[in-house]
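Biologist: I'd like to go through this one with you, and I'll keep asking how you get to each label. Can you put it up?

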Amino acid sequence: GREARVMLPASMHPYRAGLGGGLAGGVGMAAVAVGWGVARHGSAWLPINLLAGVFVPSVGQQSMETLSGFQPGLFALACGIHLVTCLFVGLLYTVTLPMMPHRPLLMGGVLGPALWTGMLYASIGIVNPALERFISWPWFFASQVAFGLVCGRVVARARRIDTMTGLPLEERLGVERGGRA
């Protein structure tokens, strides 16, 4: 019988493209989220405070008036959450987009955001049920799409590098072959 082989892409995007894409996508996502806060509630701070609420359960019990104001501790926490998450997902795009060579922006801009929005929608009642009453899911999805399109575009436009999958093991490891003269 034939052995199953691991199929790796012959080239991929450099990790720095994923980090840059994650940062750029994070800016796009933040713009949409803050736009929602300002347009619907007159506050840029509401979406920021809600993001911090993922790790601070008491945020869900706060009033809309309190959540609409600047809270330095929640701001710092939300910035940390946003930065780490955007960088991680940007790196994830670096690894996954080469596997979808025909439509990377469809995968990164629509399918990926739809999948994780669905996952978050299903789990928010477990993570912090009180936050559920504040989230506008259409706007949340729009912010995820903004991230995906911007990050996916940055990553997809980066020059790909070879992965050395076709080279013998000795060459991939940088080992010189000794031989008899």
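Modeller: Let's begin with what surrounds the largest pocket: helix 1 (15-41), helix 2 (45-52), helix 4 (72-96), helix 5 (104-127) and helix 6 (137-157) each give its lining at least two residues. Helices here are DSSP runs of H or I with at least four residues, strands are runs of E with at least two, and both are numbered from the N terminus. This is a predicted model, where local features need pLDDT of at least 70 and side-chain atom pairs count only at pLDDT 80 or more, while totals for chains, interfaces and linings use all residues. Residues are numbered from 1 along each chain as its sequence is written, and side-chain values use heavy atoms, with hydrogens and water left out.

Biologist: What makes something a pocket rather than a cavity?

Modeller: On a 1 Å grid over the protein atoms alone, a cavity is a set of points where a 1.4 Å probe fits but cannot get out, whereas a pocket is an open set with protein on both sides within 12 Å along at least five of seven lines. Lining residues have an atom within 4 Å of a point. The largest pocket has a volume of about 1,200 Å³, where volume is the space filled by probe spheres set on the points, joined across faces, edges and corners. Of the 43 residues that line the largest pocket, M29, L51, L120, F140 and Q144 are the closest to its centre.

Biologist: Which helix gives the largest share of that lining?

Modeller: Helix 4, with 12 residues. By class, the lining has 34 nonpolar, 9 polar and no charged residues. Nonpolar means Ala, Val, Leu, Ile, Met, Phe, Trp, Tyr, Cys and Pro; charged means Asp, Glu, Lys and Arg; the others, Gly among them, are polar.

Biologist: How do you know that the span of helix 1 agrees with the expected one?

Modeller: The expected span is 1.5 Å times one less than the number of residues. For the 27 residues of helix 1 that gives 39 Å, and the end C-alpha atoms are 38 Å apart, so the two agree. Helix 4, with 25 residues, reaches 36 Å from its first C-alpha to its last, close to the 36 Å expected.

Biologist: Why is C86 called buried, and C79 partly exposed?

Modeller: Buried means under 20% relative accessible area, exposed over 50%, partly exposed in between (1.4 Å probe, protein chains only). C86 has 4%, so C86 is buried. C79 has 37%, so C79 is partly exposed.

Biologist: How do you know that C79 and C86 are in no disulfide?

Modeller: A disulfide needs a pair of cysteine sulfur atoms within 2.5 Å. For C79 the nearest cysteine sulfur, that of C86, is 11 Å away; for C86 the nearest, that of C151, is 8.3 Å away. A search of the whole structure finds 0 disulfides.

Biologist: And the loops: why is S43 called buried, but V56 partly exposed?

Modeller: S43 comes out at 5% relative accessibility, so S43 counts as buried. V56 has 24%, so V56 counts as partly exposed. S43 sits in the loop between helix 1 and helix 2, V56 in the loop between helix 2 and helix 3 (64-67).

Biologist: What is S43 in contact with?

Modeller: Contact means heavy atoms within 4.5 Å. Leaving aside neighbours within four places in sequence, S43 is in contact with G37, V38 and S68, and V56 with L74, L77 and N128.
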